[in-house]
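Open the model in your viewer and keep the selection panel at hand. The tour moves from one strand outwards.

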There are 2 protein chains.
Amino acid sequence: MARSMHVRRPATLASLAAELGVSRTTVSNAYNRPDQLSPELRRRVLETARRLGYPGPDPVARSLRTRKAGAVGLLLTENLSYAFRDPAAVGFLEGLALACEDAGQGLLLVPANPEREDVAAVHRAGVDGFVVYSVPDDDPHLAAVLERPVPTVVCDQPELDTVDRVGIDDRAAITQIASHLIELGHRRVGVICMRLARDRNDGFVNAERQHNAHFHVQRARLEALATAFTSANVDWTSIPVVERFDHSIASGASAAAQLLDRDPQVTALICTSDILALGALGEARRRGLRVPQDLTITGFDGITESERAGLTTVRQPVLEKGRAAGKLLVNAADHHQPRTVTLSTELVIGTTSAPPRITEERWFGP
Amino acid sequence: MARSMHVRRPATLASLAAELGVSRTTVSNAYNRPDQLSPELRRRVLETARRLGYPGPDPVARSLRTRKAGAVGLLLTENLSYAFRDPAAVGFLEGLALACEDAGQGLLLVPANPEREDVAAVHRAGVDGFVVYSVPDDDPHLAAVLERPVPTVVCDQPELDTVDRVGIDDRAAITQIASHLIELGHRRVGVICMRLARDRNDGFVNAERQHNAHFHVQRARLEALATAFTSANVDWTSIPVVERFDHSIASGASAAAQLLDRDPQVTALICTSDILALGALGEARRRGLRVPQDLTITGFDGITESERAGLTTVRQPVLEKGRAAGKLLVNAADHHQPRTVTLSTELVIGTTSAPPRITEERWFGP
DNA sequence: ATGAAAGCGCTAACAG
DNA sequence: CTGTTAGCGCTTTCAT
């Protein structure tokens with residue numbers, strides 16, 4: 001009979017003890033506290049275990065007893081597999097995995113499909129803590145996590161006053177991009193952003209939607225852009241902002257197309273992620289627009305791919321973010337204040353940004 | 001008091017029942033079988049729960065009782081974070097995550113550091129089954145998994161007659177590469193392969209080590225290459241094979257360097273992974289060798305990056321592999337035979353392979 | 001060095 | 001629709 005068919009566990013600690021004529025404690029000790037019994041007895045226990053096909057203490061029963069699951073749960077808003085598509089998310093995962101590995105903890109990816117509002121998976125997760133990575137602030141899965149009596153650390157989320165947090169200063173970071181463009185002379189710009197809420201809206205974003213964005217990171221970036229451009233005497237309400245639900249290169253391309261169709265005069269496209277910027281770059285190329293001579297494009301994240309493309313962007317330490325989140329969780333000390341880790345970012349000026357081309361409008365305009 | 005400080009669970013199902021003056025069953029039903037009690041009572045239960053801060057049934061206790069953990073364990077031989085570095089592994093993970101998501105199962109990454117032989121994490125994992133991805137056949141973690149009484153599916157592993165399996169026909173796949181090169185006229189080739197065993201050996205590989213390789217996939221590929229070239233009247237023992245422990249672009253580059261230093265006459269470099277091939281490509285470029293005019297280079301996997309590089313390689317459906325593994329596990333039906341899924345591969349002829357340059361040796365040789 | 005007792009928190013018959 | 005009974009398999013004081 002093949003092993004994959006096993007259905008019931010053949011032996012338990014108790015049956016082993018009975019067989020050996022010793023107490024359950026002794027068998028338990030043989031596994032968990034070798035120093036608590038004679039080497040000889042231990043050897044006998046282990047050998048009998050092998051003979052009876054006893055696979056060692058059941059992990060779940062042990063968890064129940066010890067109140068420790070030995071694993072950290074990760075909640076992502078996207079389809080679970082999304083995480084593996086986005087380089088920034090992969091970097092985060094890698095850092096988190098690193099931290100978990102160091103602590104000997106498993107990492108449980110919780111299947112939290114944003115479509116069905118099925119929170120059960122959160123309730124079902126046998127973990128000692130949760131890391132929540134960039135979900136909308138009104139996500140029911142997040143709420144479910146917060147109800148669980150385990151330590152939690154959120155990442156790229158609004159402050160929650162009850163949980164630890166790790167993130168970057170999104171406003172400051174994107175303000176660097178804005179300042180860079182403003183200095184170069186750009187005034188007529190367009191913005192391409194990731195989804196702002198749980199409902200799909202692939203198109204232009206009005207002021208209200210911008211303001212009510214449920215993704216903290218996106219909202220912070222848009223608000224900071226508004227502030228920066230307003231300070232430069234640009235009417236923010238006149239700046240087209242295009243949103244895309246799916247975070248993909250194709251989305252970036254189609255968003256750029258939509259934006260350029262509506263307002264061919266824009267001299268710069270500010271994208272709130274590198275992935276979107278990469279798509280925009282492709283669309284520009286497709287249209288025969290030279291970057292940066294005809295069009296400036298900027299990103300956000302600093303992923304490897306964008307480095308290769310020479311993208312002007314803000315680099316954020318995604319791996320460190322994951323690692324920091326993991327460490328915070330693992331060292332869930334008896335601190336009585338929620339802790340916050342803010343990582344630093346760095347403006348990377350690549351080859352996709354330059355002063356706007358002098359247009360007729362400029363030469364002959366009013 | 002911040003939530004991250006909770007240490008003890010304030011209320012249990014029993015205490016809630018007591019408070020309400022109903023039985024535990026009723027409370028349990030309120031959560032698990034809403035149809036088994038009046039809506040009114042259910043409302044009362046849930047509300048009292050909220051009031052008492054009862055977070056719902058403890059997942060671990062429930063798992064113990066139901067004998068279901070709601071998660072699948074993944075065992076990788078590398079450091080847990082390695083998986084996120086290798087595009088092929090990421091693809092596999094994505095497919096597996098997809099399958100898990102579909103089945104509403106969590107995916108637990110088991111921290112199996114190959115350095116320390118600490119098998120405890122495998123014992124500790126509260127999962128309903130395991131997927132084992134490309135570990136050496138003598139890995140103690142694998143042995144530990146096989147001892148656990150849960151269904152298991154291995155991927156890129158030798159047949160085990162006790163567990164389900166998914167993989168490709170590595171021999172056939174790399175034989176296509178070999179035939180391609182042989183047809184082009186290559187006789188003097190070099191091979192760069194991934195690690196063959198648990199011990200580090202960054203250098204040339206002798207026949208014995210080739211034959212005893214503990215990584216099934218690598219061994220199969222080397223053996224198939226030996227067969228193919230032997231059939232073409234090439235003395236396989238004369239063919240240099242360089243091994244690298246770390247699977248990285250840098251490794252590929254250094255391996256290529258080592259090989260070309262030893263035998264500058266080789267006309268083709270066969271790499272057992274795209275990552276290594278990408279490194280070899282870089283090293284060739286660094287040396288001023290034109291690919292494919294001066295040197296042919298081939299890979300294996302068909303990752304996105306290699307497509308961009310125009311690499312001649314064999315494409316294998318990594319995502320499908322993960323998905324197939326997940327499905328096999330989730331549908332751990334009452335089959336009484338271990339099942340095997342063999343996925344198909346496809347030879348991709350890129351721009352990195354061409355006939356060898358006619359050398360003096362050829363023109364004037366014996 | 002070993003054992004007895006006492007649950008960890010929950011669910012699943014089954015009976016009312 | 002609700003309650004009673006009986007564990008799931010294990011660890012952990014506390015004695016001996």
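Start with strand β5 of chain B. From β5(B), D164(B), V166(B) and I168(B) point one way, R165(B) and G167(B) point the other way, and all are buried (under 20% relative accessible area; exposed is over 50%, partly exposed in between; 1.4 Å probe, protein chains only). Select residues 164-168 of chain B as a whole: five of the five residues in this strand are buried. Helices (H or I, at least four residues) and strands (E, at least two) are DSSP runs, numbered from the N terminus.

A note before moving on. This is a predicted model, in which local features need pLDDT of at least 70 and side-chain atom pairs count only at pLDDT 80 or more, while totals for chains, interfaces and linings use all residues. Residues are numbered from 1 along each chain as its sequence is written, chains are lettered from A and ligands numbered from 1 in the order in which they are written, and side-chain values use heavy atoms, with hydrogens and water left out.

Next, add the partners of β5(B). Strands pair if DSSP finds at least two bridges between them. β4(B), residues 152-155, runs parallel to β5(B) and is joined to β5(B) by three bridges. Here C155(B) is opposite V166(B). β12(B), residues 340-343, also pairs with β5(B) in the parallel sense, over four bridges. There V166(B) faces V341(B).

Now show both chains. The strands form an open sheet of 12 with mixed pairing, in the order β12(A)-β5(A)-β4(A)-β3(A)-β1(A)-β2(A)-β2(B)-β1(B)-β3(B)-β4(B)-β5(B)-β12(B). β12(A) and β12(B) stand at the edges with a single partner strand each, so one side of each has no neighbour in the sheet.

Go to chain A. β4(A) and β5(A) run parallel, joined by three bridges. C155(A) has V166(A) as its bridge partner in β5(A). Select helix α5(A), residues 87-102: it packs on the sheet, touching β1, β2, β3 and β4 of chain A (contact: heavy atoms within 4.5 Å).

Finish at the interface. Each side is easy to select: 60 residues from chain A and 60 residues from chain B make the contact. Between the chains there are four salt bridges (a side-chain nitrogen of Lys or Arg within 4 Å of a carboxyl oxygen of Asp or Glu). Zoom in on R85(B) and E94(A), whose side chains form a salt bridge at 2.8 Å, N to O. α5(A) gives the most to the side of chain A that touches chain B, with seven residues.

Conventions: Axes are lines fitted to C-alpha atoms, for helices over the stretch in contact, and angles run from 0 to 180 degrees between N-to-C directions.
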